[in-house]
Amino acid sequence: MSTSSADRMVLIHGTVADGRGDAPYQADVVVSNGVVESVIPAAARPIGGYDAEVIDCAGQIVAPGFVDIHCHSDLSLLAYPENESRINQGVTTELVGNCGMSPAPFAGDMAGLASVVSTIDVVPELKWQWDDVAGWLNKLRDTPAASNVAAQIGHGSARFAVAGQSGRALSPRELDLLEEQLEIAFDAGCVGASVGLMYAPGEGASAEEIYRVAKVVAKHDGLLSAHLRDYRSTALIDSVNELAEPAHRAGARLQISHLRATGGSGFEDTLAHIERLRDEQDIAADSYPYVHGHTTAIQLLPSEIRMTGPAGVLEFLSDDLPAGARAFAASGYLPEQVIVMKASARPESVGLSLDQAAGDPWQHLAQLMLDCSGDVDVAVESGSWNDVDLAMKTPWISIASDGTALNESHQASVPHPRSWGAFPAAYRRMRSLGVDIGEAVRRLSEAPAKRMKMSALIEPGLRADLTVFDEQIFSSAATFAAPAQGALGLQHVLVAGAPVLLHGSRTGSRSGVFLSKTNGGVTTQ
Ligand SMILES: [Zn+2]
């Protein structure tokens, strides 16, 4: 079978959940020239059949391709354009540039920015072949991928280009320069900006600075995505307000990233609080169906140590390793709750929780930091299943992975299973909680697309990104021990009208599109 997007084909005999959230219905979906040509109810099916290639979807749900509004494929998509981790869970569109991190701008100091965004720099062999945001976006545009991608500018990266790694307050002149960096990024094709108020140097942002960012975002009708300053349950509402207030004042669309409460109860109160804010302003959130987060080991240190920047942290640890161990222990987590996911110079420790190491577990982590020049990632069990389920049942919370584009061949780090399984895991969990099929599909597709001013409906004229799965079986097989597993029950995936997965096997097609305002991608095609 040819996989050219110009081909006409029909997904026949399927049950269509079109992304609107309503009950699914029997219909055939006709695809031509990369878009949905028509949706034909079973009763109106032509008697003589279709003059087109046919993909049999009997017994399957035909859904819009899933949209991952929060992921970190900024760099890995260039290394793994086949994007096996996303295609194999039905994700067809990714939004990158999250948590304040993007691999541009860097104002001449590429190595400096690389160390600041090391958490998204997961493929060591990948060369950064750009000087600025436009260059990075062009690279994404010119690298045919199996999936679509849209990009945001990371506030932390823009701040780095203006004032370097330090989290110090910006001068009035630097605030102007920061705005300028954001303007350049929007003009180059970004559809949003993100802040990461838990990461250096973005965490140095003042209220005024956040407002200035929100103002530029609003001017371009972009999305303001926010990794909050503090997800601990005791600080969560204040952290939401720190973003909601300036976003409201500036008129910016606000997306709270990977919303969850760590270290205690109170998530319900936060949801109720955001619910009230939603009466006044455009605010929503996304969430993943796991109790483990994934972050840099530096995040386990108190903020006064983090604020000294990567070099300062290493100096602190090498000066007094036991003090470093105590600082890590003060995070309050138990050693068995922390799994090492990346430690390039100490591969034997990857995949193990800290209690599995010989000697003092926190000193082990401090030593790993030194051995790996600070480039250590961890998965931390920091949430509760009760809270996950509250998020899964909340209509204004989209599903997002917080993961990355990867191929099975990826060796440099162990991915959190969410990179391969967040969408099927969330689907299964929502269904087990009584969420209807149509609504569950909406939360994976149209709900996040709408936040990005895009559309992920199955509708004539819209780009034919489609995911076909077996409703009874569709679930995640990815685990911490073996994360690189595609979803169970996933049959076909089409991107811009071309099959990238057929009968569970990848076709090698790379029909993905770079989405920006200027190419019309923000609206649909
Ligand atoms: Zn984040």
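What follows is a chat between a student and a tutor about this predicted model.

Student: Before we start, what are the ground rules for this model?

Tutor: Residues are numbered from 1 along each chain as its sequence is written, and side-chain values use heavy atoms, with hydrogens and water left out. The model is predicted, so local features need pLDDT of at least 70, totals for chains, interfaces and linings use all residues, and side-chain atom pairs count only at pLDDT 80 or more.

Student: Which protein atoms are the donors of the zinc ion?

Tutor: Donors here are N, O and S atoms within 2.8 Å of the metal (3.2 Å for Na, K and Ca), and water is not among the atoms, so sites may look incomplete. In sequence the donor residues follow the spacing C-x127-H-x30-H. At 2.0 to 2.1 Å from the zinc ion, the protein donors are C99 (SG), H227 (ND1) and H258 (NE2).

Student: How many residues apart are C99 and H227?

Tutor: Both are buried, meaning under 20% relative accessible area, with exposed over 50% and partly exposed in between (1.4 Å probe, protein chains only). C99 sits in the loop between β7 and α3 (110-116), while H227 is in strand β10 (residues 223-227). Helices (H or I, at least four residues) and strands (E, at least two) are DSSP runs, numbered from the N terminus. The pair links distant parts of the chain, 128 residues apart.

Student: What are the edge strands of the open sheet of 8 strands?

Tutor: Two strands pair if DSSP finds at least two bridges between them. The order is β6-β7-β8-β9-β10-β11-β12-β16, with parallel pairing. Pairing on one side only marks the edge strands, β6 (66-68) and β16 (397-399).

Student: What is the bridge partner of L95 in β8?

Tutor: Strands of a sheet pair through backbone hydrogen bonds, either parallel or antiparallel. For β7 and β8 the sense is parallel, over 4 bridges. Within β8, the partner of L95 is A150.

Student: At about what angle does helix α7 run to β10?

Tutor: Axes are lines fitted to C-alpha atoms, for helices over the stretch in contact, and angles run from 0 to 180 degrees between N-to-C directions. Helix α7 (residues 207-219) lies across β9 and β10. Its angle to β10 is about 145 degrees.

Student: Which elements do the buried residues of α4 pack against?

Tutor: In helix α4 (residues 133-142), the residues V133, G135, W136, L137 and L140 are buried. Contact means heavy atoms within 4.5 Å. The packing partners of these buried residues are α1 (76-79), β7 (91-96), β8 (148-154) and α6 (172-188).

Student: E179 is in α6; is E179 buried or exposed?

Tutor: Leaving out residues up to four places away in sequence, E179 touches R212, K215 and V216. Its relative accessibility is 17%, so E179 counts as buried.

Student: Are α11 and α12 parallel or oblique to each other?

Tutor: The axes of helix α11 (residues 309-319) and helix α12 (residues 321-329) come within 5 Å and cross at roughly 120 degrees. Angles under 35 degrees count as roughly parallel, over 145 as roughly antiparallel, 65 to 115 as roughly perpendicular and the rest as oblique. The two helices are therefore oblique.

Student: Which residue in β18 is the bridge partner of L466?

Tutor: Both faces of strand β17 (residues 466-469) are covered, with L466 and V468 on one side and T467 and F469 on the other, all buried. Strand β5 (residues 61-64) pairs with β17 in the antiparallel sense over 4 bridges. β17 and strand β18 (residues 490-495) also run antiparallel, joined by 4 bridges. In β18, L466 has as its partner L494.

Student: What is the order of the open sheet formed by 3 strands?

Tutor: Strand β13 (residues 292-296) holds G293, which counts as buried because its relative accessibility is 9%. 5 bridges join β13 to strand β15 (residues 376-381), and these two run antiparallel. One of the bridge pairs is T296 with D377 in β15. The order of the sheet is β13-β15-β14.

Student: How far apart in space are G293 and D402?

Tutor: In sequence the two are 109 residues apart. From C-alpha to C-alpha, the distance in space is 9.1 Å.
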